[in-house]
Amino acid sequence: LRHGLHLFVVILTPGVFKADRDNIVTALRGENIGAAVHYTSLTKEPFYAALDPDASKTTPIANAVSEVIFSLPLRPDFTSKDEGDVLEAVHKVLKYYRR
């Protein structure tokens with residue numbers, strides 16, 4: 001098996017930052033980094049929520065994690081400079097928002 005090398009998932013520790021995950025992703029995009037939210041708790045998806053409106057009550061951990069994860073871009077053709085640009089932007093944004 002070989003990794004697809006297309007996403008790198010980051011988990012933010014709750015309470016460490018002054019901004020929520022969505023604001024941090026927006027700030028990274030402002031730094032020209034293609035951060036995005038790719039994974040959410042299934043119970044938050046409209047289809048599943050319609051099937052069982054109370055389902056989110058049974059998945060508190062999945063719900064909590066889905067609020068603090070996001071993905072950074074990762075490609076097989078990334079150069080060392082590309083990696084450095086992503087790391088520099090992540091460091092800058094997280095340092096700015098750290099409590």
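A salt bridge here is a side-chain nitrogen of Lys or Arg within 4 Å of a carboxyl oxygen of Asp or Glu. Keep that in mind as you click around, and remember that this is a predicted model.

**Stop one: R75 and D77.** Select these two and show their side chains. They meet in a salt bridge, with N and O 3.0 Å apart. R75 is partly exposed, at 41% relative accessibility, while D77 comes out as exposed at 52%. The cut-off for exposed is over 50%.

**Stop two: K57 and D54.** Now pick this pair. Their side chains form another salt bridge, at 3.3 Å from N to O. K57 counts as exposed, with 65% relative accessibility, and D54 as partly exposed, with 44%.

**Stop three: K44 and E67.** Jump to K44 next. Its salt-bridge partner is E67, and the closest N and O atoms are 2.4 Å apart. Which loops does this pair tie together? K44 sits in the loop between α1 and α2 (46-51), and E67 in the loop between α3 (60-66) and β2, so the bridge links parts that are 23 residues apart in sequence. Both ends are partly exposed: K44 has a relative accessible area of 39%, and E67 has 40%. If you'd like to hunt for others, the total count is 6 salt bridges.

**Stop four: the nonpolar core.** Hide those charged side chains and select L12, I24, L28, F70, L72 and Y97. Of the 20 residues in the largest nonpolar core, these touch the most other members. Colour α1 (21-30), β2 (69-73) and α4 (80-97) to see the elements that each give two or more residues to this core. Which of them gives the most? That's α4, with 6 residues.

**Stop five: I24.** Zoom in on I24 alone. What does it touch, beyond its neighbours within four places in sequence? I24 is in contact with L12, F17, A19, F70, V93, L94 and Y97.

**Last stop: α1 against α4.** Pull back until you can see both helices. They pack at an angle of about 135°, with axes 10 Å apart. Oblique or roughly antiparallel? Roughly antiparallel would take an angle over 145 degrees, and α1 and α4 are therefore oblique to each other. Their crossing is right-handed. To light up the contact, select N23, I24, A27 and L28 on α1, then A89, V90, V93, L94 and Y97 on α4. You'll spot I24 again, on the α1 side of this contact.

Technical notes
Residues numbered from 1 in each chain as written. Predicted model: local features only at pLDDT ≥ 70, side-chain atom pairs only at ≥ 80, totals over all residues. Heavy atoms only, no water. Core = buried A, V, L, I, M, F, W, Y, C linked by side-chain atoms within 4.5 Å. Buried < 20%, exposed > 50% of the residue type's maximum accessible area, 1.4 Å probe, protein only. Helix = DSSP H or I, 4+ residues; strand = E, 2+ residues; numbered from the N terminus. Contact = heavy atoms within 4.5 Å. Axes fitted to C-alpha atoms, helices over the stretch in contact; angles between N-to-C directions. Parallel < 35°, antiparallel > 145°, perpendicular 65-115°, else oblique. Left-handed = near helix turned anticlockwise from the far one by under 90°.
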